[in-house]
Amino acid sequence: MRIGFIGLGNMGSGMAANLVSAGHEVLAYNRSPDKVSALAERGAIPAATVAAACDADVVVTMLADDHAVEAVTFGDAGILASLQPNAVHVSASTISVALAERLTTEHAQAGQRFVSAPVFGRPDAAAAAKLFVVAAGDPGTVADLQQVFDAIGQRTFEVGQDPTVANLVKLSGNFLIASVIESLGEAMALVGKAGVDKQAYLELLTSTLFAAPAYRTYGGLLARGEFEPAGFAAHLGLKDVRLVLAAGEALEVPLPVASLLRDRFLTLLAGGGRDLDWSALGALPAWEAGGPKPGH
Ligand code: NAP
């Protein structure tokens with residue numbers, strides 16, 4: 001398949017490389033062009049503009065946030081203006097439900113197709129083609145895209161025909177991860193201050209009632225105090241909590257824990273933690289209990 005790939009950050013670079021490895025013809029674009037050359041060395045075709053990357057059957061976007069997706073999609077030489085009729089825009093970024101709705105409408109009006117396919121998994125999973133893809137859109141189109149999802153992930157979950165559902169499901173998952181980071185951080189601050197070894201404590205948790213990847217991954221980062229380089233930056237974590245709250249507001253679903261998490265992320269960012277991994281959120285409780293500041 002001929003695939004345009006827009007956004008070669010922590011996640012996109014690995015995903016695009018795996019599409020190349022799977023034998024697809026990949027037209028790679030990134031706002032900062034240096035990241036394109038690294039991928040070109042692995043066999044991708046450099047695209048100098050968004051419009052050039054749209055000379056394809058499918059264009060995948062893997063960008064930071066709503067603002068970035070709007071910047072490359074709308075406007076004179078954006079995806080909407082450049083993609084051929086019937087070609088597909090696959091949005092893999094974690095974006096708002098509202099933007100996914102706008103993309104669904106505007107692509108349909110332009111005679112193009114739109115599928116939401118956000119992913120679970122950090123950059124190491126992206127590089128290893130082990131992501132979990134949450135896909136929603138027209139069933140025939142999603143079926144056509146299975147070869148794309150197979151190249152980047154270990155399993156695809158089809159969650160509905162309305163693309164926005166995939167974004168809502170993805171956001172709900174990130175809300176749960178952030179809740180785990182906060183509560184695990186509080187539990188670790190408690191036992192840690194009493195002198196319990198954090199690694200041994202984590203081993204106990206993950207060998208008994210908490211044998212889940214979220215506890216293993218984030219517990220490990222917390223126990224080691226390993227917040228740099230960020231696999232998923234704290235400012236993007238705040239973005240996701242904001243989007244969860246917006247979705248809750250639109251559906252009139254109160255999310256009191258999400259409201260708390262928003263303020264916890266603000267505390268982390270105000271303390272200089274913007275570019276730390278979002279797991280540094282879980283280091284706030286130990287800091288508040290008299291320990292070191294996250295990242296120090
Ligand atoms: P990242 O490393 O910060 O990369 C962000 C990408 O967006 C870069 O390619 C960046 O281009 C581009 N970008 C930002 N603002 C832009 C703009 N205004 N116009 C054009 N391009 C712009 O982020 P990431 O960790 O790869 O995450 C990408 C998306 O995946 C996010 O929505 C995130 O929430 C989601 N996600 C992340 C993870 C994770 O663990 N990291 C896991 C699942 C989902 P430049 O290189 O020029 O800055």
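How do the residues of the shell around the ligand divide into nonpolar, polar and charged? In this predicted model, the shell divides into 11 nonpolar, 10 polar and five charged residues.

**The ligand and its surroundings**

In total, 26 residues surround the ligand. The closest of these are Asn30, Ser32, Lys35, Gly231 and Lys239. Among the residues with polar atoms close to oxygen atoms of the ligand are the three in the table below, where Leu8 and Thr94 take part through the backbone, whereas Lys239 takes part through its side chain.

| Residue | Polar atom of the residue | Distance to an oxygen atom of the ligand |
|---|---|---|
| Leu8 | backbone | 3.3 Å |
| Thr94 | backbone | 3.0 Å |
| Lys239 | side chain | 2.8 Å |

On its own, the ligand has 900 Å² of accessible area, and the protein covers 87% of this. Two elements give two or more residues to the shell around the ligand: helix H4 (66-73) and helix H13 (234-251). The largest share comes from H4, which supplies three residues.

**Two domains**

The domain assignment divides the protein chain into domain 1 (2-161) and domain 2 (167-288). Where does the ligand lie with respect to domain 1 and domain 2? Both domains give residues to the shell around the ligand, so the ligand lies between them.

The centres of the two domains, taken over C-alpha atoms, are 27 Å apart. The domains also touch each other directly: 17 residues of domain 1 are in contact with 20 residues of domain 2. The size of an interface is often given as the accessible area lost when the parts come together. For domain 1 and domain 2, the area buried between them is about 1,400 Å², and 63% of it is on carbon and sulfur atoms. Which three residues supply more than any other three of the area that domain 1 buries against domain 2? They are Thr94, Phe120 and Arg122, which supply 44% of that area. Thr94 thus appears twice in this account, since a polar backbone atom of Thr94 is also 3.0 Å from an oxygen atom of the ligand.

**Two details of the backbone**

Glu228 and Pro229 are joined by a cis peptide bond, with omega at about -5°. Pro229 is placed in the loop between helix H12 (213-224) and H13. H13 is also one of the elements that give two or more residues to the shell around the ligand.

The other detail concerns Asn86, a residue other than glycine with a positive phi, near 75°. Asn86 is found in the loop between helix H5 (79-82) and strand S5 (88-91).

Note on methods. Residues are numbered from 1 along each chain as its sequence is written. This is a predicted model: local features need pLDDT of at least 70, side-chain atom pairs count only at pLDDT 80 or more; totals for chains, interfaces and linings use all residues. Side-chain values use heavy atoms; hydrogens and water are left out. A residue is near a molecule or strand if one of its heavy atoms lies within 4 Å of it. A polar contact is a pair of N or O atoms within 3.5 Å; within protein, one must be able to donate a hydrogen and the other to accept it, and residues adjacent in sequence count only if both atoms are side-chain atoms. Accessible areas come from the Shrake-Rupley method with a 1.4 Å probe; for residues, only the protein chains shown count as cover. Helices (H or I, at least four residues) and strands (E, at least two) are DSSP runs, numbered from the N terminus. Ala, Val, Leu, Ile, Met, Phe, Trp, Tyr, Cys and Pro count as nonpolar, Asp, Glu, Lys and Arg as charged, and the others, Gly among them, as polar. Domain bounds come from an automatic or database domain assignment. Contact means heavy atoms within 4.5 Å. Buried area is the accessible area (1.4 Å probe) that two parts lose on being put together, summed over both.
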